[in-house]
Amino acid sequence: MKRRYFLAFIGSIALSCLLSAGINLFLSTITTGQTQTILVSAAASLKEALEEIKPEFEKAHSNIKINYNFAGSGALQRQITQGAPADVFLSAATKQMDALAKAGLIDTSTRRNLLTNRLVLIVPKNYTLKISDFRSLTNSNVQRIAVGEPRSVPVGQYSEEVWKNLGILEQIKPKLVFTTSVRNVLAAVETGNADAGIVYITDAKISDRVKVVATAANNLHSPIIYPIAVIKSSKNPQAAKTFAQYLTSAAAKNICEKFGFGIAR
């Protein structure tokens, strides 16, 4: 009789252990399936395209949510270098991505060239100054030219290359008004605080307050390439890789092309 009670007692303990293990496994499954949120640090010029891509991506991947941090590529590079959280970096130039790669801060296996862009000269829509090309910026009636800071803002780097190759940089230097992102260049021209500015064609397309008067020939500046990579310190590397891969899909490419971007080959 005692033996029977003993076996029953042992059996109840074993059953409790199995139930506990099953509950833990269930809870573990729930935890594994929890929504992950990733932070994408992206060049300011990508804002509209990426915001349109976000709901499409989240619909296809319901367990991944996207937050964006838009700024000049140089500012984003410095943030990541200084330890600011980020899962994915999208730059408007290879220079900033190269710097992070050299510092060992990106997963180099995830790096790829994603998009391209064109450089354009813009003026306020109703402006009366006769600015028809980049050389017109040397005219005495042109007083203020908005431009991204060349050392940290890719559009500024490309702009400086254009002026150097045209041989007019020294003439227009006193007129330059430096900004921290391409969107600040756009805003300066929109408000009439600058007579002209250089932005990407994608920025000019989103504004009805400026007009494009010239497009820079490709041989006047370095190729405008937007590289992407997953940050090595990402807390959700698989989710970050999933998003980076999605940006190469036909659906994402179609949205980017709608906003004027080219697809890197």
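**Strand β6 and its neighbours**

I began at strand β6, residues 145-148, and found four bridges joining it to β7, the two strands running parallel. This is a predicted model, and I read every entry below with that in mind. For individual partners in β7, I noted F178 as the bridge partner of V147. I also noted that G148 stands opposite T179 in β7.

Next I looked at β8. I found that β6 and β8 also pair in the parallel sense, over two bridges. The bridge partner of I145 in β8 is A196.

I then asked myself which residues of β6 lie on each side, and whether they are buried or exposed. I145 and V147 are on one side, A146 and G148 are on the other, and all are buried. Both faces of β6 are therefore covered, buried here meaning under 20% relative accessible area. As a reminder to myself, side chains in a regular strand alternate between the two faces of the sheet.

**The whole sheet**

I wrote down the strand order as β7-β6-β8-β5-β9, an open sheet of five strands with mixed pairing. The edge strands are β7 (176-179) and β9 (210-215), each of which pairs on one side only. I recorded an average twist of 35 degrees from one strand to the next.

**Helices on the sheet**

I checked what packs on this sheet. Helix α5, residues 154-166, does so and touches β5 (119-124), β6, β7 and β8 (196-200). The direction of α5 makes about 115 degrees with that of β8.

Helix α7, residues 182-190, packs on the sheet as well, touching β5, β6, β7, β8 and β9. For the direction of α7 against that of β8 I noted about 140 degrees. I listed the buried residues in α7 as V182, R183, V185, L186, A188 and V189. For the record, an α-helix has 3.6 residues a turn, so residues three or four places apart point the same way. After α7 comes G192, and its phi is positive, near 80 degrees.

**R183 and A204**

I stopped at R183, which has its place in helix α7. What is the relative accessible area of R183? I found 16%, so R183 counts as buried, the cut-off being under 20%. Leaving out residues up to four places away in sequence, R183 touches A44, S45, K47, E48, D203 and I206.

I went on to A204, which sits in helix α8, residues 201-205. Its relative accessibility is 9%, so A204 counts as buried too. How far apart are A204 and R183 in sequence and in space? I noted 21 residues in sequence and 9.8 Å in space, C-alpha to C-alpha. With residues up to four places away again left out, A204 touches V120, I122, V199, V210 and V212.

**Helices α3 and α4**

I turned to helix α3 (residues 73-81) and helix α4 (residues 94-102), which pack at an angle of about 10 degrees. Their axes are 9 Å apart. Angles under 35 degrees count as roughly parallel, so I entered α3 and α4 as roughly parallel to each other.

Which residues meet in this contact? On the α3 side I listed S73, G74, Q77, I80 and T81, and on the α4 side Q96, A99 and L100. I sorted the residues of the contact into three nonpolar, five polar and no charged.

**Strand β4**

I looked up strand β4, residues 106-116, and found six bridges joining it to strand β10, residues 225-231, the two running antiparallel. I106 stands opposite I231 in β10. β4 also pairs with strand β11, residues 262-263, in the antiparallel sense over two bridges. For that pair I noted G262 in β11 as the bridge partner of T116.

**Totals for the chain**

I closed with the overall values. The secondary structure of the chain comes to ten helices and eleven strands. Of its 265 residues, 46% count as buried. I took the contacts between residues at least 6 apart in sequence and found that 79% join residues at least 24 apart. The accessible surface of the chain comes to about 13500 Å², and 54% of it belongs to carbon and sulfur atoms.

Technical notes: Residues numbered from 1 in each chain as written. Predicted model: local features only at pLDDT ≥ 70, side-chain atom pairs only at ≥ 80, totals over all residues. Heavy atoms only, no water. Pairing = 2+ DSSP bridges. Axes fitted to C-alpha atoms, helices over the stretch in contact; angles between N-to-C directions. Contact = heavy atoms within 4.5 Å. Parallel < 35°, antiparallel > 145°, perpendicular 65-115°, else oblique. Nonpolar A, V, L, I, M, F, W, Y, C, P; charged D, E, K, R; others polar. Buried < 20%, exposed > 50% of the residue type's maximum accessible area, 1.4 Å probe, protein only. Areas by Shrake-Rupley, 256 points an atom, 1.4 Å probe, with all protein chains shown as cover.
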